[in-house]
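Hi everyone, thanks for making time. I'll walk you through one structure today, so let's get it up on the screen.

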Amino acid sequence: MGRQLKFNIFRYNPEDPKSVPHMESFDLEETDALTLYIALNRLR
Amino acid sequence: MDTFYTDLLCIGAGLAGERVAVEAASRGFDSICLSIVPPRRSHSSAAQGGMQAALGNACMGEGDCPDVHFADTVKGSDWGCDQEVARMFAETAPVAVREMAHWGIPWNRVVPGSGTFYKGGKEYQKIEKKEREGRITARDFGGTAKWRTCYTSDGTGHTLLFTMDNQVVKLGVKVHDRVEAVSLIHDDQRCYGAVARCLKTGKLRVYLAKATLIATGGYGRLYRETTNAVICDGSGAILALKTGVVPVGNPEAVQFHPTGIVPTSILVTEGCRGDGGTLKDVDGKRFMDIYEPDKQELASRDVVSRWMTHHIREGKGVKSPYGDHLWLDIRHLGEKHIKTKLREVDEICREFLGVDPVTQMIPVRPAQHYSMGGVRTNKDGACYGLDGLFSAGEGACWDMHGLNRLGGNSLAETIVAGRIVGQKVADYLDGCEVTFNTQLVTDFVKREEEVISRLIQGKDGRENVYDVRNAMQDVMMDYVGIFRNATDLRQAVVKLQEIHERAQKVGLRTSSPGANPELGMAMRVKGMVRLALCVAYAAEQRTESRGAHAREDYPERNDRDWLTRTLATWKEGDDLPTLNYEPNSQVWEIPPGQRGYGVSKIIPSEDPSVVGNVEASKAGEACQPQDAPETPETN
Ligand SMILES: Cc1cc2nc3c(=O)[nH]c(=O)nc-3n(C[C@H](O)[C@H](O)[C@H](O)COP(=O)(O)OP(=O)(O)OC[C@H]3O[C@@H](n4cnc5c(N)ncnc54)[C@H](O)[C@@H]3O)c2cc1C
């Protein structure tokens with residue numbers, strides 16, 4: 001088992017008047033040769 | 001509604017789109033290029049290895065000329081190309097390369113004196129001549145009789161695109177980036193521009209143009225494992241299918257590249273093998289020398305990819321959490337070579353894999369790489385079906401590649417076709433006047449507004465768009481890959497038809513305004529599934545093996561029945577494309593023959609207009625130098 005990674009991501013949509021800037025956390029287990037690209041795709 | 005008028009609308013700001021715009025602009029026409037990403041981020045910039053042009057400056061390219069380049073291209077295409085186009089291409093490539101030098105490309109140059117090079121893991125000597133010092137040099141790529149691939153280190157696409165974009169800026173071509181064309185405006189006779197969506201604000205806008213060009217690149221993202229960027233989703237072909245009248249040529253012609261790294265499928269260039277890198281299996285043993293004793297690692301890329309898949313199926317792959325893979329070994333090329341001539345490979349391995357290629361082997365396996373098929377055009381780049389619509393680059397089926405493209409021939413195509421088609425577009429624009437029917441424009445805009453509002457409100461259902469896309473990518477990977485057969489392809493078509501149903505029922509989870517990638521994907525996904533159906537169905541119908549299209553149940557190349565090009569159109573309401581066929585070439589300068597690599601069973605053509613000309617067949621042989629060993633294809 002790989003490490004448990006925690007991603008803190010800043011979320012805000014300037015086009016949406018209702019959107020309030022905030023941070024959101026996501027958890028992911030690390031695999032070999034994990035890049036940010038692969039991680040973000042998985043989170044999505 | 002924001003509305004823009006222009007002489008030429010280029011959908012796409014990669015090398016092909018920009019080269020056409022440059023030609024039109026230098027003849028005084030107003031041009032706008034659209035791009036999903038900033039233009040210099042277009043996929044062209046990812047090309048590494050180089051572009052082919054028969055300059056014959058390097059000592060290993062001596063005696064090269066457009067005749068030999070033409071012969072290699074026709075062979076590479078497995079006689080599936082349009083020979084008139086391939087001929088025009090080979091003749092123009094040297095001019096285009098020098099023109100790019102004039103615009104500022106720092107091509108690698110001949111350095112006189114002796115040097116070493118590797119082939120199949122063995123070291124050889126070569127001596128570059130003093131009198132050629134400083135001329136544009138070339139490296140070896142697969143499927144070529146001569147060293148013909150001009151390069152700037154391993155960042156050729158990068159330098160080409162940045163230089164081209166400088167010309168774009170200089171000539172005042174406007175680039176609207178982060179804008180995605182979503183449908184062509186047309187009346188079944190003529191194209192008048194496009195409806196597009198601004199990806200920053202999410203708003204629709206209209207572009208009205210006297211001439212419209214599709215230069216949107218390939219459709220790699222129909223597959224799960226691809227070396228293509230995330231924006232290479234085949235929008236151009238989708239725009240064409242959406243018209244119902246503009247056909248996509250040879251959609252089944254999809255090339256796999258032997259060396260995508262595992263897991264991201266980022267490409268490491270064929271230059272690795274061209275420069276002498278070898279492929280190894282789980283036991284650390286080479287295998288290409290057994291399957292292809294002659295060309296070994298440098299057989300054409302369809303051939304190498306197939307043998308790799310075969311070898312993995314034999315249980316010789318290396319196990320990993322991301323599936324089985326093989327090794328690419330470039331360690332023997334040495335640190336200096338790797339850190340200069342394969343600089344980008346070094347970077348990719350270290351940054352994306354944590355592997356140092358100087359001391360470690362690179363995990364690789366075949367991945368989808370290039371789309372030979374695309375929006376069908378005639379030799380002038382004019383699309384079938386609609387007047388005022390043109391296409392160039394990977395997004396087009398101009399058709400110099402037939403069923404397989406040689407590495408280094410696609411960068412060359414973008415520049416050469418861009419130049420030739422650009423001239424034809426400018427000729428077309430000369431004195432051209434159009435009347436725009438505002439009702440027609442409004443109708444097309446309304447159609448898209450309706451699509452968006454249905455998706456946001458979930459009027460047709462609540463299918464998750466990413467589930468639909470993933471299902472499609474899995475089917476393409478599992479059933480429409482490197483080896484194909486009737487059972488798999490039938491399954492693929494049936495499954496894709498189900499997915500097509502689901503694609504009509506997509507509804508959004510997030511309806512936030514502005515940049516909404518889910519909405520973008522939802523607007524695209526039905527078209528992508530349709531294009532995937534074109535690929536799968538056309539592959540099922542083509543009962544032969546030619547180039548990259550390898551049928552296990554029809555292993556022979558069938559020149560008697562299949563010297564044809566598939567033309568796929570889509571009638572609204574159908575759940576399959578309509579397929580028509582046309583002869584793949586009008587001119588047979590080189591009659592069909594043996595490629596000299598790969599599978600060689602052939603059912604000969606009986607058509608005298610194809611094989612009849614014995615004189616020509618001799619000419620074809622004559623321009624193929626006997627002593628030159630051939631090499632595999634590259635990027
Ligand atoms: C990793 C890799 C390495 C390669 N290396 C080589 C090599 O060494 N030698 C070689 O000859 N070839 C190589 N190729 C192939 C070659 O790079 C491409 O075929 C070529 O660059 C395609 O150029 P293009 O202008 O047709 O398309 P692209 O450069 O892909 O440009 C497409 C443009 O269209 C835009 N676009 C797409 N859809 C829309 C839409 N709906 N609305 C608005 N804009 C849109 C995009 O934003 C982009 O600007 C390589 C390919 C890959 C993937």
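Okay, so one thing to check right away: how many salt bridges are there between chain A and chain B? The count is 0. And keep in mind that this is a predicted model.

What about polar contacts? Between the two chains, A and B, you get 2 residue pairs in polar contact, both at pLDDT 80 or more. If you sort the chain A side by class, the residues touching chain B come out as 4 nonpolar, 3 polar and 5 charged.

Now for the interface itself. On one side 12 residues of chain A are in contact, and on the other 15 residues of chain B. People often describe how big an interface is by the accessible area lost when the parts come together. Here, chain A and chain B bury about 1000 Å² between them, with carbon and sulfur atoms giving 56% of that. Which residues of chain A lose the most area to chain B? Those are A:Glu15, A:Tyr37 and A:Arg44, and together they make up 43% of what that side buries.

Let's move inside chain B. Take helix α1, residues 15-26, and helix α11, residues 409-429: their axes come within 8 Å and cross at roughly 30°. The crossing of α1(B) past α11(B) is right-handed. On α1(B), the contact is made by B:Leu15, B:Ala16, B:Arg19, B:Val20 and B:Glu23. From α11(B), the residues taking part include B:Leu411, B:Ile415, B:Gly418 and B:Gly422. By class, this helix contact has 6 nonpolar, 4 polar and 3 charged residues.

That's my tour, over to you.

Key
Residues are numbered from 1 along each chain as its sequence is written. Chains are lettered from A and ligands numbered from 1 in the order in which they are written. This is a predicted model: local features need pLDDT of at least 70, side-chain atom pairs count only at pLDDT 80 or more; totals for chains, interfaces and linings use all residues. Side-chain values use heavy atoms; hydrogens and water are left out. Contact means heavy atoms within 4.5 Å. Buried area is the accessible area (1.4 Å probe) that two parts lose on being put together, summed over both. A salt bridge is a side-chain nitrogen of Lys or Arg within 4 Å of a carboxyl oxygen of Asp or Glu. A polar contact is a pair of N or O atoms within 3.5 Å; within protein, one must be able to donate a hydrogen and the other to accept it, and residues adjacent in sequence count only if both atoms are side-chain atoms. Ala, Val, Leu, Ile, Met, Phe, Trp, Tyr, Cys and Pro count as nonpolar, Asp, Glu, Lys and Arg as charged, and the others, Gly among them, as polar. Axes are lines fitted to C-alpha atoms, for helices over the stretch in contact, and angles run from 0 to 180 degrees between N-to-C directions. Helices (H or I, at least four residues) and strands (E, at least two) are DSSP runs, numbered from the N terminus. A crossing is left-handed if the near helix is turned anticlockwise from the far one by less than a right angle, and right-handed if clockwise.
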